[in-house]
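Thanks for coming. I will go through one structure this morning, mostly its charged pairs and a few backbone details. Please have a look at it first.

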Amino acid sequence: MLGDQAPFAHLGEQALRGLAPGGTVRSYARNVVVVSEGDSTDSLYVVLSGRVKVFVADETGKEVVVNTIGAGDFFGELVLDGQARAASIMTLEPSRFFVIPQRDAAALLSGNPEFARDLVRKLIGRVRSLTEQVRSLALKDVYTRLVRFLEDQAVEDDGRRVVRERLTQAEIAARIGGSREMVSRILSDLSAGGYIAVEAKRVVLLRKLPAQW
């Protein structure tokens, strides 16, 4: 039953209820903080629909986005150690979650070896991803990180490569660990050079981006 990409990737609501009888479904509108960094950890959240961002912020409100998570994936895995939440979660669009209480998550881990194995595999993947993010932040400049972000996010759309998600410059900056001002300058230069176009907050890649700014 368990998926290849995440323990819950191919499970619907009824299947999840079979695995975690104490679970409940919750719905949230766009731009709602579902959990906050430092909160007590009491539940594992499976995303039934929608998408969320995982972020950390300082006292001034400056954010760094650690990850984005969509349907079939999960967050709140720190429920397994009972420590406080390490990051905040905000919905990027209207979203529904299957919320598994701590006792059910612990029972799944101890009583379902397939679940435990797939969960460990998923957590290993996240560690590798975070390691790569740290490497990028430490060793690559903002331009290089921005180019990689645009190329990773771009998909084919009617013969063009488009970053479908509508992002403000501040949101892009949070994703790559840069400042809004620097992202604005780079995007303006790329646009002036004919490398990209920005249409309704969507970035269109018109030709191969230069290796250096």
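Is alanine 200 buried or exposed? At 57% relative accessibility, alanine 200 counts as exposed. For the cut-offs, buried means under 20% relative accessible area, exposed over 50%, and partly exposed in between, with a 1.4 Å probe and protein chains only.

A word on the source. This is a predicted model, so to speak of local features we need pLDDT of at least 70, and side-chain atom pairs count only at pLDDT 80 or more, while totals for chains, interfaces and linings use all residues. Residues are numbered from 1 along each chain as its sequence is written, and side-chain values use heavy atoms, with hydrogens and water left out.

Back to alanine 200. Its place is in the loop between E11 and strand E12 (202-205). Helices (H or I, at least four residues) and strands (E, at least two) are DSSP runs, numbered from the N terminus. Alanine 200 has a positive phi of about 50°, although it is not a glycine. Most residues other than glycine have a negative phi. Aspartate 158, also not a glycine, has a positive phi of about 55°. Aspartate 158 sits in the loop between strand E9 (155-157) and E10, and is exposed, with a relative accessible area of 77%.

Now the salt bridges. The term means a side-chain nitrogen of Lys or Arg within 4 Å of a carboxyl oxygen of Asp or Glu. How many does a search of the whole structure find? The search finds 14 salt bridges. I will take three.

In the first example, the side chains of arginine 51 and glutamate 93 meet at 3.5 Å, N to O. Arginine 51 lies in strand E4 (residues 51-57) and glutamate 93 in the loop between strand E7 (88-91) and strand E8 (95-101), so the pair ties together parts that are 42 residues apart in sequence. Arginine 51 is partly exposed at 22% relative accessible area, and glutamate 93 is partly exposed at 30%.

Next, glutamate 77 and arginine 126 form a salt bridge through their side chains, at 2.8 Å, N to O. This pair links distant parts of the chain, 49 residues apart: glutamate 77 is in the loop between strand E6 (74-75) and E7, and arginine 126 is in helix H3 (residues 113-139). Glutamate 77 counts as buried at 19% relative accessibility, and arginine 126 is buried at 13%.

The last example joins the side chains of glutamate 199 and arginine 160, at 3.2 Å, N to O. Here glutamate 199 is in strand E11 (residues 196-199) and arginine 160 in strand E10 (residues 160-163), 39 residues apart. Both count as partly exposed, glutamate 199 at 36% and arginine 160 at 35%. There is also a network: salt bridges that share partners join Arg51, Glu93, Glu165 and Arg175.

On to the helices. Which residues of helix H2 (residues 102-111) are buried? They are Asp104, Ala105 and Leu108. These cover an arc of only 100° around the axis, which puts them on the same side of H2; the arc is that of the directions from the helix axis to the C-beta atoms. The face turned away from the buried side of H2 carries the exposed residues Arg103, Ser110 and Gly111.

Finally, proline 113 lies in helix H3 and is exposed, with a relative accessible area of 61%. The C-alpha atoms of proline 113 and leucine 19 are separated by 13 Å, with their positions 94 residues apart along the chain.
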